[in-house]
Amino acid sequence: MSPKRLFRALAFAEAVTWTILIVAMILKYAAGVDAAVLVGGSIHGFVFLAYAFAAVLVGVNQRWHLGLIAFAVLTAIVPYATIPFEVWLMRRGRLEGEWRREAGEHPADASWVNGMLRWFLARPVLLTVAAVIGIAVVFSALLVIGPPGGREA
């Protein structure tokens, strides 16, 4: 899977899970179905974390500056903002290219971050497992902390 395909898929999934969460909130407050937010919020939260991970991974691979990587993650906080951001990236060619598995002439390729990126890209199964476990650990920690606004919100 190319960086473009990964980012586009998760940007779309993030927007879809916003719809799931909004419908769940309507069910909770209009029909009293409290469990809907637990389910919808959990789905949305997990996909949010996956999108954030992908935004950082793709951003480093594509050599985005730190501000653009941070903005990519922040777009997931605003409902449906990942879609226009992804379109913006596409129009500017910021998602073009393959995974950078080998160092090039670019000065950034000498950094430890890019070295780690190349090391993990050479081991895609390990990268996938580490990503899933990392996202699951963060997700679990957030579940323990509780939802935004507290459990009574």
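A polar contact is a pair of N or O atoms within 3.5 Å; within protein, one of them must be able to donate a hydrogen and the other to accept it. I note this before looking up a threonine. The model I am reading is predicted.

**Entry 1: Thr75**

I looked for Thr75 and found it in the loop between H3 and H4. Is Thr75 buried or exposed? I have its relative accessible area as 4%, so Thr75 is buried. A polar atom of the Thr75 side chain lies 2.6 Å from the backbone oxygen of Ala72. I then listed what Thr75 is in contact with, leaving aside neighbours within four places in sequence: Tyr51, Ala81, Thr82 and Phe85.

**Entry 2: Glu14**

I went to helix H1, where Glu14 has its place. The relative accessibility of Glu14 is 0%, and buried means under 20%, so Glu14 counts as buried. Which residues does Glu14 touch, not counting those up to four places away in sequence? I wrote down His44, Val47, Phe48, Tyr51, Ala76 and Thr82. I also checked Glu14 against Phe46: the two are 32 residues apart in sequence, and their C-alpha atoms are 9.4 Å apart in space.

**Entry 3: the nonpolar core**

Next I looked up the largest nonpolar core, which has 26 residues. Those with the most contacts inside this core are Leu6, Phe7, Tyr51, Val58, Trp64, Phe85 and Leu89. Two or more residues each come from H1, H2, helix H3 (66–74), helix H4 (82–91), helix H5 (112–121) and helix H6 (124–145). Which element gives the largest share of the core? H2 does, with eight residues. As a general point, I noted that nonpolar side chains tend to be buried together in soluble globular proteins.

I picked Trp64 from the core for a closer look. Not counting residues up to four places away in sequence, Trp64 touches Phe7, Ala55, Val58, Gly59, Ile69, Ala72, Leu89, Arg94 and Leu95.

**Entry 4: the surface patch**

Last, I turned to the surface. A nonpolar patch of about 530 Å² is made there by Phe12, Val16, Ile20, Leu38, Val39 and Ile43. Where do these residues come from? Helix H1 (3–31) and helix H2 (34–61) each supply at least two of them.

I chose Ile20, which lies in helix H1. Ile20 has 34% relative accessibility, and partly exposed is the range between buried, under 20%, and exposed, over 50%, so Ile20 counts as partly exposed. Glu14 lies in H1 too, but Glu14 counts as buried at 0%.

How values were computed
Residues are numbered from 1 along each chain as its sequence is written. This is a predicted model: local features need pLDDT of at least 70, side-chain atom pairs count only at pLDDT 80 or more; totals for chains, interfaces and linings use all residues. Side-chain values use heavy atoms; hydrogens and water are left out. Patches are made of residues with over 30% relative accessible area and no salt bridge: like charges are joined within 9 Å, nonpolar side chains (Val, Leu, Ile, Met, Phe, Trp, Tyr) within 5 Å. Accessible areas come from the Shrake-Rupley method with a 1.4 Å probe; for residues, only the protein chains shown count as cover. A salt bridge is a side-chain nitrogen of Lys or Arg within 4 Å of a carboxyl oxygen of Asp or Glu. Helices (H or I, at least four residues) and strands (E, at least two) are DSSP runs, numbered from the N terminus. Buried means under 20% relative accessible area, exposed over 50%, partly exposed in between (1.4 Å probe, protein chains only). Contact means heavy atoms within 4.5 Å. A nonpolar core is a set of buried Ala, Val, Leu, Ile, Met, Phe, Trp, Tyr and Cys residues joined through side-chain atoms within 4.5 Å.
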